[in-house]
There are 2 protein chains.
Amino acid sequence: MAVILPFSPKPLPGDPPPSLPALREACANCQLRELCLPLGLAEADLDRLEGLVGGRRKVARGQALFQSGDSFRGLYAVRSGFFKTVVASEGGRAQVTGFQMAGELLGLDGIGGDRHACDAIALEDSQVCEIAYADLERITHDLPPLAHQFHRILSREIVRDQGVMLMLGRMSAEERVAAFLLNLSQRLQARGYAAQALRLRMTREEIGSYLGLSLETVSRTFSKLQDEGLLRVQQRELKLLDLAALRQRVEACG
Amino acid sequence: MAVILPFSPKPLPGDPPPSLPALREACANCQLRELCLPLGLAEADLDRLEGLVGGRRKVARGQALFQSGDSFRGLYAVRSGFFKTVVASEGGRAQVTGFQMAGELLGLDGIGGDRHACDAIALEDSQVCEIAYADLERITHDLPPLAHQFHRILSREIVRDQGVMLMLGRMSAEERVAAFLLNLSQRLQARGYAAQALRLRMTREEIGSYLGLSLETVSRTFSKLQDEGLLRVQQRELKLLDLAALRQRVEACG
DNA sequence: CGGAGGATTGACCCGTTTCAACTACCGTGG
DNA sequence: CCACGGTAGTTGAAACGGGTCAATCCTCCG
């Protein structure tokens, strides 16, 4: 899911002094600009957006950006790095509900209950832009198109989740893995990376958790698709050799 | 998920003539009042809310309130009756993603893409209150607490979906069925019905689709739980004889 | 009263899980 | 620089849960 929200970072403590012009251009220079800038928002509103972003925050690999039960403060846009979100049941069972890459949003789950409903864990050293929810409410009030954009983001997340449900409920292991890889590929492509070559940021176990499969089944399915010439696996380095064929595997869903 | 939104119906064509006072009190008299009225909204704002609801609409059993691909016009609050939402993949595979009862919202999936991403089918003759999205945007702008409330609703839907994912990814057939029944029971109870006795509005096949199981497995699981004394099944009439034990089945998720 | 759709139950089969052994890789410290 | 240990990944064999197919029953409604 490509996130469309006006997020941009303020300089980190170590960065050059935040001269006003620099701040002013933070969003404009942000690599995530196309991903973050809402459609149809006037350039003149950019400075309003600058004020929205409370700060940048680093999250080391393995660390939690927030955890289930943490009181909700605001949203986070991934600026660099890679995250997973994990929900846990009372019984201690856990499931990965999503992977987030640059430009995608974290924390939407927290609005409803004033505390977060899942853990957000960095899978590599990452940076996020933070935005206090109170600020977001204020600016969406002042800029109605932004409110609309925000509703769209929330709605798209709901639609995305429904797609995951369909996958978990109806697809075979091979179809799930193929769908997962195609989704990753497509999101990477949207960020300017090659669609065929990708480095997995997560373990087989995390993939399996997301797909509702055991880590062994994920591994076996990779091997099988490799044997059939659809891709090449080398640890976490993947080459998707036949995107069309992968697509067929998924669409053969009837 | 209890929906908290200010929806109320205008009279149907067959209803007594819509005198202004009647309209004025439509929301106030609505049976869904506690479910729909946003927390902390001033009574004085009630008349604003009245104007929000574009109309009531009847949907006969088996008919679609909207279908995937329909252009998005607005949201619907179930006033009476029962719905299912179904997402379909290109390959023709379909999955029930949820069941909606009185007071719950339909159509949130449409905001993101300007067209609906699922079908909403009435499982019995139903009525919904319709609200045009444009009106909703206007009123949430004028009443910030309402905007907040709306965000909460969207966020809760995301959290709900994550719960379903966990169920589909990690739970056994028995756990899924138990969780499903407890969820139904809880929602019925919130509406003033008994928590133990319920009439299923959907077929075994629809339950199975929602739970990622075959209809036969659903049936077998009902029988098994009945044999163990946890419930009594008679076609679509259910008695939950031991809620605590059912809860244990679900929570034994580790 | 009869038919059709829904529900139940049984038998069998298959995909996935589980358990287990083994291998590859990476970072660390000697 | 290499040896080592731990983590991640692969692969095999066996067990099992749930799916599929099929027969039967129920019951609601025309």
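**Getting to know a protein–DNA model**

Trainee: Which helix holds Q162(A)?
Mentor: Happy to start there, and keep in mind that this is a predicted model. The helix in question covers residues 144–170 of chain A. Q162(A) is therefore placed, going by that range, in helix α6.

Trainee: Is Q162(A) buried or exposed?
Mentor: The relative accessibility of Q162(A) is 5%. Buried means under 20%. The value for Q162(A) falls under that limit, so Q162(A) counts as buried.

Trainee: With which residues is Q162(A) in contact, leaving aside its neighbours within four places in sequence?
Mentor: We already know that Q162(A) counts as buried. Once the neighbours within four places in sequence are set aside, the contacts of Q162(A) are V87(B), T97(B), D109(B) and C118(B).

Trainee: How much of chain A is buried?
Mentor: Let us begin with the make-up of the chain: chain A has 10 helices and 9 strands. Its residues number 254. The buried share of them is 54%.

Trainee: Among contacts in chain A between residues at least 6 apart in sequence, what share joins residues at least 24 apart?
Mentor: The starting set here is the contacts in chain A whose residues are at least 6 apart in sequence. From that set we pick the contacts that join residues at least 24 apart, and their share is 73%.

Trainee: Let us move to the DNA. How many residues surround DNA strand D?
Mentor: The closest ones come from both chains: S219(A) and S223(A), along with A173(B), T217(B) and R220(B). Of the atoms of DNA strand D that come within 4 Å of the protein, sugar and phosphate account for 60%. By class, the surrounding surface has 4 nonpolar, 9 polar and 6 charged residues. The number of residues around DNA strand D is 19.

Trainee: How far is the polar side-chain atom of R204(A) from a phosphate oxygen of DNA strand D?
Mentor: A helpful companion is S219(A), with a polar side-chain atom 2.7 Å from a phosphate oxygen of this strand. From chain B, A173(B) brings a backbone N or O atom to 2.7 Å from a phosphate oxygen. For the polar side-chain atom of R204(A), the distance is 2.7 Å.

Trainee: Which element gives the most to the surface near DNA strand D?
Mentor: Two elements give two or more residues each to this surface: α9 (215–227) of chain A and α9 (215–227) of chain B. The top contribution is 5 residues, and it comes from α9(A).

Trainee: Which residue has a polar side-chain atom 2.8 Å from a base nitrogen of DNA strand C?
Mentor: Two other contacts go to phosphate oxygens of this strand: a polar backbone atom of A173(A) at 2.7 Å, and a side-chain N or O atom of S223(B) at 2.5 Å. Of the atoms of DNA strand C within 4 Å of the protein, 58% belong to sugar or phosphate and the rest to bases. The residue that reaches a base nitrogen at 2.8 Å is R220(B).

Trainee: Which element supplies the largest share of the surface near DNA strand C?
Mentor: This surface involves 19 residues, with A173(A), T217(A), R220(A), R204(B) and S223(B) the closest. At least two residues each come from α9 of chain A and α9 of chain B. The largest share, 5 residues, comes from α9(B).

Trainee: Now for the empty spaces. What is the volume of the second largest pocket?
Mentor: The lining of this pocket has 37 residues, and among the closest to its centre are R160(A), G163(A) and E90(B). Elements giving two or more lining residues are α6, α7 (173–190) and α10 (243–251) of chain A with β3 (74–88) of chain B. The lining divides into 18 nonpolar, 11 polar and 8 charged residues. The space in the pocket is about 1,100 Å³.

Trainee: Which element gives the most to the lining of the largest cavity?
Mentor: The structure holds 4 cavities of 30 Å³ or more, and the largest has a volume of about 260 Å³. Its lining has 21 residues, with T85(A), Q100(A), L105(A), E157(A) and R160(A) nearest its centre. By class, 10 are nonpolar, 6 polar and 5 charged. The greatest contribution, 4 residues, comes from α7(A).

Note on methods. Residues are numbered from 1 along each chain as its sequence is written. Chains are lettered from A and ligands numbered from 1 in the order in which they are written. This is a predicted model: local features need pLDDT of at least 70, side-chain atom pairs count only at pLDDT 80 or more; totals for chains, interfaces and linings use all residues. Side-chain values use heavy atoms; hydrogens and water are left out. A residue is near a molecule or strand if one of its heavy atoms lies within 4 Å of it. A polar contact is a pair of N or O atoms within 3.5 Å; within protein, one must be able to donate a hydrogen and the other to accept it, and residues adjacent in sequence count only if both atoms are side-chain atoms. Ala, Val, Leu, Ile, Met, Phe, Trp, Tyr, Cys and Pro count as nonpolar, Asp, Glu, Lys and Arg as charged, and the others, Gly among them, as polar. Buried means under 20% relative accessible area, exposed over 50%, partly exposed in between (1.4 Å probe, protein chains only). Contact means heavy atoms within 4.5 Å. On a 1 Å grid over the protein atoms alone, a cavity is a set of points where a 1.4 Å probe fits but cannot get out, and a pocket is an open set with protein on both sides within 12 Å along at least five of seven lines; lining residues have an atom within 4 Å of a point. Grid points are joined across faces, edges and corners, and a volume is the space filled by probe spheres set on the points.
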